[in-house]
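Reader: Could you take me closely through one part of this model, the loop with the unusual backbone geometry, and then relate what else deserves a careful look?

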Amino acid sequence: MPERIAVCPGSYDPVTNGHLDVIGRAARLFDKVIIGVVDVQVRKQAPLFTAKERKRMLEQALEANGHDNVVVQVFSNLLVDFARENEAIAIIKGLRAISDFEYEFEMNQLNRKLDDTIESVYIFASSEYSFIRSTGVKEMATFGGDVSNLVPPLVAEALAERLRK
Ligand code: PNS
């Protein structure tokens with residue numbers, strides 16, 4: 001049977017414990033999970049970390065969590081093309097709250113129009129992570145808030161260092 005591959009796209013600016021929860025659960029469902037770090041500005045605000053830095057932080061966090069069927073890649077093309085290039089059968093998205101739904105619903109329709117052979121799969125955030133988003137974590141860290149229980153230790157350090165500058 002061919003390997004069942006999924007891509008898990010996002011900005012990961014920076015990776016949070018919520019992302020790691022979704023990635024870990026996706027890694028149990030698929031033979032291989034390819035994390036796609038988007039290197040295109042998808043938000044109004046420019047990313048705090050470069051795509052290379054975001055990839056490195058993900059790799060270090062994943063190493064600490066011991067997932068051997070997860071790899072990280074940077075991409076800057078259309079998500080369905082990135083999925084196709086990697087022979088993925090699915091796109092994994094994490095959902096935290098109803099507020100994520102509208103955006104993801106629209107993306108789902110668009111991506112299906114582009115390629116209806118790639119299925120989008122949604123994983124609901126565990127309740128302890130449903131309030132975490134990278135933007136909130138960055139804002140808290142900017143004002144000196146403690147983010148150590150929201151992100152892996154190496155990310156908390158990187159945030160403190162970057163925001164100190
Ligand atoms: O919410 P995030 O983490 O910033 O997610 C970014 C991403 C890439 C998952 C989102 O922008 C998306 O689903 N894009 C799909 C549309 C597409 O293919 N865009 C071109 C590359 S971003």
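Author: In this predicted model, P14 lies in the loop between β1 (5-10) and α1 (17-29), and the peptide bond that joins D13 to P14 is cis, with omega at about 0 degrees. The loop between β1 and α1 also holds Y12, which has a positive phi of about 50 degrees although it is not a glycine. Both features stand out against the general pattern, since most residues other than glycine have a negative phi and most peptide bonds are trans. Y12 counts as buried because its relative accessibility is 4%, under the cut-off of 20%.

A positive phi, near 55 degrees, is also found at E87, again a residue other than glycine; E87 is placed in the loop between α3 (79-85) and β4 (90-95), and with a relative accessible area of 63% E87 is exposed.

β1, which comes before the loop with P14, is also part of the ligand's surroundings, as β1 and α4 (98-114) each supply at least two residues of the shell around the ligand. Among the residues of that shell are P9, G10, S11, V38 and M107, and by class the shell has 7 nonpolar, 3 polar and 2 charged residues. The space that the ligand takes is the largest pocket. As for polar contacts, an oxygen atom of the ligand is 2.5 Å from an N or O atom in the side chain of R43, one is 2.7 Å from a polar backbone atom of L79, and one is 3.1 Å from an N or O atom in the side chain of Y103. Taken alone, the ligand exposes 520 Å², of which the protein buries 82%.

Methods:
Residues are numbered from 1 along each chain as its sequence is written. This is a predicted model: local features need pLDDT of at least 70, side-chain atom pairs count only at pLDDT 80 or more; totals for chains, interfaces and linings use all residues. Side-chain values use heavy atoms; hydrogens and water are left out. Helices (H or I, at least four residues) and strands (E, at least two) are DSSP runs, numbered from the N terminus. Buried means under 20% relative accessible area, exposed over 50%, partly exposed in between (1.4 Å probe, protein chains only). A residue is near a molecule or strand if one of its heavy atoms lies within 4 Å of it. A polar contact is a pair of N or O atoms within 3.5 Å; within protein, one must be able to donate a hydrogen and the other to accept it, and residues adjacent in sequence count only if both atoms are side-chain atoms. Accessible areas come from the Shrake-Rupley method with a 1.4 Å probe; for residues, only the protein chains shown count as cover. On a 1 Å grid over the protein atoms alone, a cavity is a set of points where a 1.4 Å probe fits but cannot get out, and a pocket is an open set with protein on both sides within 12 Å along at least five of seven lines; lining residues have an atom within 4 Å of a point. A molecule sits in a cavity or pocket if more than half of its atoms lie within 2 Å of its grid points. Ala, Val, Leu, Ile, Met, Phe, Trp, Tyr, Cys and Pro count as nonpolar, Asp, Glu, Lys and Arg as charged, and the others, Gly among them, as polar.
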